[in-house]
Each structure stands twice: as C-alpha cells, then as structure tokens.
Amino acid sequence: MNAIGILKQLKDKGVRFTPQRQAILEFLLETRSHPTADEIYHHVKAKFPGVSLGTIYNTLNMLKEHGHLLELSYGDMASRFDGNPNNHYHIVCSKCGKVADFHAPLINMEQEVMEKSGFLILGHRMEFYGVCPECRSNEQLN
C-alpha cells in the first residue's frame, strides 16, 4: 500500500492527515535503510523546515500503533524504523549499525512455543548479526 492509501485508511479511523505525516510515511516506504527518528527528522526537515522532532516521534508512534511500521530496538542504540510492517528478518552490522532486510520463509514456531511455555505468542523477531560488505571492504583497505 502507498502513503496516500495508508493515510486515507488512518483518516477513516479519525487520524488527522497532514503533509508532514505524508512526508514521514513516504520516506519510510521508500527507504531500505531502517532510519532512526533523527534521520527521518533531518530528511523531512529539508522539505518542511518547521517540523519538530516531537512531530516525528508522535507520527512514528501513531503509525506503529496502527500496524504500519516496525520499531526495531537495539539496547543502547537508537531505535530504527521499518516501513514494512510484515514480519521479516533483519541483519545487523556489528561495526556500523546498518540494518538490512533478509527475506526468507519465516520459521513457524509460535504454536510450539505457546504449547511449551504457556505464553500467548503474538509474533517473533529473529535477527542475524555480522559485518556488512562496506565495513569488511574498509577493513581490507586499512
């Protein structure tokens, strides 16, 4: 779904439609970089100089609550945001922090985990960690 379709869907649920929200959503849908809120802020600020960081965070929280993005938290590092809310895997570079999507058939373990743990499983997240090609190349040059 494109940004306009998502915003119309949200408007039907009573969420206000603004050009800043559209710019935030379009950026998230177009990028594959899993940006931080600060990176989104700087991108949107180029088009809308009056936008505040608060607007960015409020919009990200609203989109997350309505299931239109994923927030990826990594402990001490800033959260990153993914405009693809469908469950998928990620690869994280241990050197530069880059996050990339990895598309493969999802492991379907929820039922087994529920039966063995007693938890009601709502989803799962699995990530791979390593060193990205750019960082590996830079290491070889030094």
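Glutamine 22 is a buried residue, with a relative accessible area of 18%, and it makes a handy starting point for this predicted model. From there the briefing moves to the helix pair around glutamine 22, then to a sheet of 3 strands, and finally to histidine 124, which carries a UniProt "binding site" annotation from an unreviewed entry.

**Glutamine 22 and its surroundings**

- Glutamine 22 belongs to helix α2, which spans residues 19-30.
- The 18% relative accessible area of glutamine 22 falls below the 20% cut-off, so the residue counts as buried.
- If residues up to four places away in sequence are set aside, glutamine 22 touches Ala3, Ile4, Leu7 and Phe17.

**How α1 and α2 meet**

- Two packed helices are described by the angle between their axes and the distance between the axes.
- For helix α1 (residues 3-12) and α2, the axes come within 9 Å and cross at roughly 130 degrees.
- That angle makes α1 oblique to α2.
- The crossing of α1 past α2 is right-handed.
- On the α1 side, the contacts involve Ala3, Ile4, Ile6 and Leu7.
- Their partners in α2 are Arg21, Gln22, Leu25, Glu26 and Leu29.

**The sheet**

- An open sheet is built from 3 strands in the order β4-β3-β5, with mixed pairing.
- Strands β4 (99-102) and β5 (127-130) form the edges, each pairing on one side only.
- From one strand to the next, the twist averages 25 degrees.
- Strand β3 (residues 89-93) runs parallel to β5, and 4 bridges join the two.
- Cysteine 93 stands opposite glycine 130 of β5.

**Histidine 124**

- The "binding site" label on His124 comes from the UniProt annotation of an unreviewed entry.
- In the model, histidine 124 sits in the loop between α5 (110-117) and β5.
- Is histidine 124 buried, partly exposed or exposed? Its relative accessibility is 26%, so histidine 124 counts as partly exposed.
- That value lies between the cut-offs of 20% for buried and 50% for exposed.
- Apart from neighbours within four places in sequence, histidine 124 is in contact with Asn87, Tyr89, Ile107 and Glu110.
- One of these partners, Tyr89, lies in strand β3, which covers residues 89-93.

Terms used: Residues are numbered from 1 along each chain as its sequence is written. This is a predicted model: local features need pLDDT of at least 70, side-chain atom pairs count only at pLDDT 80 or more; totals for chains, interfaces and linings use all residues. Side-chain values use heavy atoms; hydrogens and water are left out. Two strands pair if DSSP finds at least two bridges between them. Axes are lines fitted to C-alpha atoms, for helices over the stretch in contact, and angles run from 0 to 180 degrees between N-to-C directions. Buried means under 20% relative accessible area, exposed over 50%, partly exposed in between (1.4 Å probe, protein chains only). Contact means heavy atoms within 4.5 Å. UniProt positions are given in the numbering used here, feature names are shortened, and annotations may be inferred rather than shown by experiment. Angles under 35 degrees count as roughly parallel, over 145 as roughly antiparallel, 65 to 115 as roughly perpendicular and the rest as oblique. A crossing is left-handed if the near helix is turned anticlockwise from the far one by less than a right angle, and right-handed if clockwise.
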